[in-house]
Amino acid sequence: MIRALLLVLLATGLVLAPGCSRSSPAGTESSPRVLVGAGATLPYPLYSKWAAEYARVDPTVRVNYQSIGSGAGIRQVEGGVVDFGATDEPMSEEQIRQSPIKLVHIPTTVGAVVFAFNLPGLRDLALSADVAAAIFLGTVQRWDDERLRALNPGRVLPSEPIIVVHRADGSGTSAALTTYFSMHDEKWSTTVGSGTSPRFPVGVGTKGNEGVTAFVKATPLSIGYVELVYAKQAGLSMAQVRNPAGRFVAPTLDALDAAARSVNASAATSGERVMLLDSADESAYPIAALSYVVVPRNARDRKKGEALAKFLWWAVHHGQAFARELDYAALPSPLVGRAERALRELRADGHELLPAGS
Amino acid sequence: MNEPAALTPSSRSTHAPRPLGEPSHALVDRSLVALGGGAACILVVVLAVVAAVVLDLALPSVRALGFGFVTGRQWDPVHGDLGALPFLYGTVVTSLVALTLAVPVALGVALFLTDLGPLPLRRPVAALVELLAAVPGVVYGLWAAIVLAPLLRTTVEPALEAHLGFLPMFRGPKVGVGLLCASLVLAVMILPTIASLSREVLRAVPIELREGGLALGATRWDVVRRIVLPHAKQGIFGAILLGFGRAVGETMAVAMVVGSRADITGSLFSPGYTMSSVMANELPEATSTLHVAALAEIGLLLFAITFAFNVAARLLVSRVRGPEAALVRVVTPRLEEHT
Amino acid sequence: MRAELDAAYSGRTLAARAATAASCVAVAIAMVPLLAILLYVAQRGLGALSWSFFTRLPNPVGESGGGMANAIVGTLELVGLASLMGIPVGIAAGLFLAEYRTTMLTRVVRFSADVLAGVPSIIVGVVVYATVVVRMQHFSTLAGALALAVLMLPLVARTTDELARTVPDSLREAALALGASRWRIAIHVVLRTAGPGIRAGCMLAVARVCGETAPLLFTAFNNRFWNESLGDPTSSLQVQIFTYTMSPYDDWHAQAWAAALVLVAIVVVLNLAARRVLRGPKAA
């Protein structure tokens, strides 16, 4: 019996061997440094691409990014459980005050929040801010509601109820959307308000941009809000949204670029909150969100901190080339400057993490 | 089972006179007993730690929200408006619907396996039931999200509304995911659990009773109805309670199809939320202390509910056989001989 | 009189037939969804299994291809580590419970084990997160394995306990009469007699823990790469099935089925092995 038990234990030990042996390879130098990041799902496809590409640029570093939502990203980086967080909604004054550690926001990319819908036989739909808000409030309940028909003359809208899909997790995408609605709709701003975890009056909740996209894809008559690349990769129809110039703009990379370019340079440099909603550019798509990586100002581990600073430096410069492939707008230059300044703030035991010359 | 007098520690020394020429076993003996005792105490410590940590995390919410937490219908972490009723509702509704669907079928299966089914079929069906009891919840969730939910949306829910739409619970948005979907996947998951536990309980009814009944001219069904079921009643009730406990605690399969919406509507079609799935979704991101504490308090409630059900169930099942019948059933060869 | 009895009897046989038929129907109803799940897993999983599934790391989001090599190893590591922690302690505790079955302490322990076995696994995950992950300031393989070990411990302890108690006391008394000490009896008599059962019970406990997903969400977390040490987060089949299922990509859905197939295969093999272990001594 004892022998048998020993055998069982030995077997489990053998299974474990690869893990242990990797943990202590012959030279400790060869073991890659692991940077763990977590948070926003909006930029996840881009960050995951960066992680894969950066493993080639610097084979000694592995960036493990998990998309668990902006709210969770901030919470985990505050708790020191991950090396960096990510969010599409910068922390509020209140959050910054309550945070146990000092955090630095580094802008990384600009994404568009699109209305993705699933109407068999219909690829185009025009929406205005107030009608979209009404759909998510539950006051416009059917696809052939007269307010929708008024915006879509000539399109055949089914006489069916609208199935609304929203995020169930704390989300920067939700924050961008609800801020946009609050700017345009009195009722929205008084009843729901804006934030990462708003209480939607109607609809089905699901986790992450991934979940909303999957739901819309699988469910006819549904509408949800996701980042452009998710809708595009899943082949979903996206609504054109009326911008302040009165034009219905489809969410394309050009329209998103226009929104990103119109960022207020002085606000960007002064470190104020950057708004990318309702761009003044008449060809711009009105709902864009700036995504940030959130890093502790003082790294616990200098080596890790340096690796992270180098990775982020690479991301806001070289990494931007991958942004366009995935339909994110490249970071406009005032924001690149802001990212650079933020990265120079990073310290470990009082030492700057970035080499002075970079 | 008799308790041999020798097996209490106090009387130990008198029963083990050390043979000459052997090394002192007393010390080894004592230290090994201490080791075993230590290992056993780990179980108590672990349970205490689990309870203490959950309680500690939940304390701010218990203090701040009091009893209103359990009756509050709003869940709005942003505005600090935290009521757990929607989650309690979701958990109770999905578990009860699952039980309603699964129990009759599971009992039928259990009786098939012990008394009623054709003999050559019993063993393969039993093996399959065991196997399915072991399939991980996340696999059930995968199936429910990709296969079951679309089926519900396109076929089952419209049909239910057409035929039973006069009941408010069968009306509403036909979305696929929702309380109904979660209930169905739970029913499928707990069916093997209840079936194999009940089978265990039924098997424990002495074979002599059955033979006596048959010898008196009773049919198999008479034996089941008059002898086996009355004998096994408590145990079966215990098996059902354990099934309920499993349904209440199941997280992943439910989180994948429940619709994640803290709302109380009368409809089974509408999306809902359960206690375990809200913890899985919101704990990693809850930022305010109160939000974390409220989620922990939901955990505390969940802990209390499963605690109560498991204790009750184990009391009932253990009158029949050892409480871990679930696991032991496959393991005890002696029992295999009955079928 | 006779006719009446006959009538009553035929009524009863009719009822018996109906009951048998009903139980067959119940089996049929039960088998439909259950077989559907197994068939879906087998069919879609086999369709998606490929060499790269076992050898490659996941591709970036939205790019098809890639595999789950790290998740497969991650699951094995987590479960292996959990077994190393849970099984020895569980068996020792179980033997103690069986050999000192009437003391106050054993009653408390047995009760704790029963309660612990019923605690929802998500709660164990939360507790390990609050006590280990937050303290260590890292999601880690170790934390995940610890959560799984906590789930495994009561199962192993109670199975050992139950099985050791089925060892006839006459054997213990015979050994005592020969002058064997208590630990010799526990190890050489009880453990050996109940050995196959305990081994099988451990395998079943391992199989159960293999599928646990909820406690890993906040402990082992997930990893796109190989985990370099036990202090790093790790990917696992369970968590990958969850994330891939919730994604909008068809390729990821296919991989989720493949992962489900692998996971179910592991569980089935462990279950079958447990049965074999039991049959073994009987056949001999």
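How much accessible surface does chain C have, and what share of it belongs to carbon and sulfur atoms? In this predicted model, the accessible surface of chain C amounts to about 9,800 Å², and carbon and sulfur atoms account for 68% of that area.

A look at the fold of chain C helps to place these values. Chain C is built from twelve helices and has zero strands, so its pattern along the sequence reads α-α-α-α-α-α-α-α-α-α-α-α. The radius of gyration of chain C is 24 Å, whereas the globule rule gives 19 Å for 284 residues; the chain is therefore more spread out than a compact globule. The C-alpha trace of chain C spans about 80 × 65 × 40 Å along its principal axes. Of the 284 residues in chain C, 64% are buried. Contacts in chain C can also be sorted by separation in sequence: among those between residues at least 6 apart, 75% join residues at least 24 apart.

Chain A offers a small piece of sheet to explore. Here three strands form an open sheet with mixed pairing, in the order E5-E10-E11. Strand E5 (126-127) and strand E11 (248-249) of chain A stand at the edges; each has a single partner strand, and so one side of each is left without a neighbour in the sheet. In general, strands of a sheet pair through backbone hydrogen bonds, in either a parallel or an antiparallel sense. For strand E10 (residues 240-242) of chain A and E11(A), the sense is antiparallel, and the pairing runs over two bridges. Within this part of the sheet, Val241(A) stands opposite Val249(A), a residue of E11(A).

In chain B, the loop between helix H6 (137-164) and helix H7 (179-203) is worth a visit, and Phe166(B) is found there. Phe166(B) has a relative accessible area of 60%, and it counts as exposed because this value is over 50%. Together with Leu164(B), Leu167(B) and Met169(B), Phe166(B) makes a nonpolar surface patch of about 340 Å². Gly165(B) also has its place in the loop between H6 and H7 of chain B. With a relative accessible area of 13%, Gly165(B) is buried, because the value is under 20%. Which residues does Gly165(B) contact, leaving aside its neighbours within four places in sequence? These contacts are with Leu160(B), Phe170(B) and Arg171(B). The loop thus holds an exposed residue, Phe166(B), and a buried one, Gly165(B).

Terms used:
Residues are numbered from 1 along each chain as its sequence is written. Chains are lettered from A and ligands numbered from 1 in the order in which they are written. This is a predicted model: local features need pLDDT of at least 70, side-chain atom pairs count only at pLDDT 80 or more; totals for chains, interfaces and linings use all residues. Side-chain values use heavy atoms; hydrogens and water are left out. Patches are made of residues with over 30% relative accessible area and no salt bridge: like charges are joined within 9 Å, nonpolar side chains (Val, Leu, Ile, Met, Phe, Trp, Tyr) within 5 Å. Accessible areas come from the Shrake-Rupley method with a 1.4 Å probe; for residues, only the protein chains shown count as cover. A salt bridge is a side-chain nitrogen of Lys or Arg within 4 Å of a carboxyl oxygen of Asp or Glu. Helices (H or I, at least four residues) and strands (E, at least two) are DSSP runs, numbered from the N terminus. Buried means under 20% relative accessible area, exposed over 50%, partly exposed in between (1.4 Å probe, protein chains only). The radius of gyration is taken over C-alpha atoms; the globule rule is 2.2 Å times the number of residues to the power 0.38. Contact means heavy atoms within 4.5 Å. Two strands pair if DSSP finds at least two bridges between them.
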